[in-house]
Amino acid sequence: MQNPFSLEGKTILITGASSGIGKAVAQECAAAGATCIISARNEGRLSATLSSLDGEGHQYLLADLSQAGSIEAIVEQLPKLDGVVSCAGIVETKMLKFTEEDDLLRLFNTNAFSSIRLIRALVQQKKMKKEASIVIISSISGVRCGYLGGSIYGATKGALEGFVKATALELAPQKIRVNTITPGMVETSLLKDSEIDSELLEADKLKYPLKRYGNPEEVGYSAVYLLSDATKWMTGTSLLIDGGYTLN
Amino acid sequence: MDINEFIKDFADQFDETELEEFKPETDYREDLDEWSSLNGLAILNMIDKKYGVKITASEIKETKTIEDVFNLVKSKM
């Protein structure tokens with residue numbers, strides 16, 4: 001009997017795969033036996049991700065998914081998929097009273113609309129196989145809690161949570177599942193390159209009952225789980241992985 | 001760049017404290033009862049928006065008085 005947690009024989013699209021969570025998701029999908037199609041904007045980093053993947057047959061697709069017009073053409077190039085993990089996203093810390101129209105549009109485009117448009121195009125073009133799995137990387141921020149300066153970011157993640165509910169209903173007849181992962185803070189270059197003081201980060205980690213931030217590969221394992229046949233009866237929900245942060 | 005105008009912008013990020021309490025030599029973390037990390041974030045956002053300068057959390061941590069912050073912003077303009 002095949003291991004229900006394996007992705008052997010499945011073709012998975014991973015967006016935002018050039019770094020951080022997206023890269024780790026691609027690596028863990030490949031390690032679980034999937035054939036990966038990875039996409040991002042930065043060619044150098046994307047090809048570095050590609051060469052870090054276990055196994056053969058993976059490919060990459062250079063694409064800026066935050067551009068509304070380009071998504072249909074990108075999706076046309078894709079084969080039929082067993083799964084998609086939408087990881088493209090940006091973080092910004094700006095208090096509501098300082099946000100401008102530009103910030104709203106940029107964050108919603110990159111974090112929410114790009115995922116929604118991608119999944120819409122995949123459905124319209126019938127690129128998702130029967131029993132496929134759709135996974136969106138959301139966040140605890142905007143769903144379970146908030147952070148100072150995260151009103152718009154949280155709104156984009158809350159939008160994704162809402163999107164998943166009705167979409168899961170609509171795709172249920174084809175046994176296509178739609179779920180999100182809501183991680184707490186994850187150690188990625190978004191964090192390493194940020195302007196946040198390292199002492200503040202260390203103090204923040206102590207607010208997590210498990211006393212650390214998540215590792216990108218741990219979000220990757222969650223994605224593999226939701227993509228695998230082990231979760232064939234899970235849809236329209238979100239998987240919380242936050243080191244216990246929201247228990248407090 | 002004028003320090004009095006900067007002080008007004010700085011004070012604008014507080015809701016309760018009167019403008020008169022903000023002086024160049026004010027040790028803003030110690031002297032202002034209303035001070036919290038929320039004002040800190042608002043001040044960083046204000047400096048970014050109004051003065052077009054990005055200040056990091058570690059840079060602002062090195063400052064003590066409002067004048068220190070003013071000088072920091074000026075040095076980066």
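I looked up A:Lys211 to see whether it is buried or exposed. A:Lys211 counts as exposed because it has 10 C-beta neighbours inside 10 Å; the cut-offs are 20 or more other C-beta atoms within 10 Å for buried, 12 or fewer for exposed and partly exposed in between, with C-beta atoms placed from the backbone. The residue sits in the loop between helix H7 (198-205) and helix H8 (216-227) of chain A, and its phi is near 60°, a positive value in a residue other than glycine.

I note that this is a predicted model, in which local features need pLDDT of at least 70 and side-chain atom pairs count only at pLDDT 80 or more, while totals for chains, interfaces and linings use all residues. Residues are numbered from 1 along each chain as its sequence is written, and chains are lettered from A and ligands numbered from 1 in the order in which they are written.

I then turned to A:Lys126, which lies in the loop between helix H4 (101-124) and strand E5 (128-137) of chain A; helices (H or I, at least four residues) and strands (E, at least two) are DSSP runs, numbered from the N terminus. A:Lys126 has a positive phi of about 50° although it is not a glycine, and with 9 C-beta neighbours inside 10 Å it counts as exposed.

Next I followed H4(A) to its packing against helix H5 (residues 151-171) of chain A, where the angle is about 20° and the axes are 9 Å apart. H4(A) is therefore roughly parallel to H5(A), since angles under 35 degrees count as roughly parallel, over 145 as roughly antiparallel, 65 to 115 as roughly perpendicular and the rest as oblique. Among the residues making the contact are A:Leu104, A:Phe108 and A:Ile116 of H4(A) and A:Tyr153, A:Leu160 and A:Phe163 of H5(A), contact requiring C-beta atoms, placed from the backbone, within 7 Å. By class, the residues of this contact divide into 11 nonpolar, four polar and two charged; Ala, Val, Leu, Ile, Met, Phe, Trp, Tyr, Cys and Pro count as nonpolar, Asp, Glu, Lys and Arg as charged, and the others, Gly among them, as polar.

In chain B I looked up helix H1 (residues 3-11) and helix H5 (residues 66-76), whose axes come within 10 Å and cross at roughly 110°, so H1(B) and H5(B) are roughly perpendicular to each other. The contact is made by B:Ile3, B:Phe6, B:Ile7 and B:Phe10 of H1(B) with B:Ile66, B:Glu67 and B:Phe70 of H5(B).

Methods:
Axes are lines fitted to C-alpha atoms, for helices over the stretch in contact, and angles run from 0 to 180 degrees between N-to-C directions. Two residues are in contact if their C-beta atoms, placed from the backbone, lie within 7 Å.
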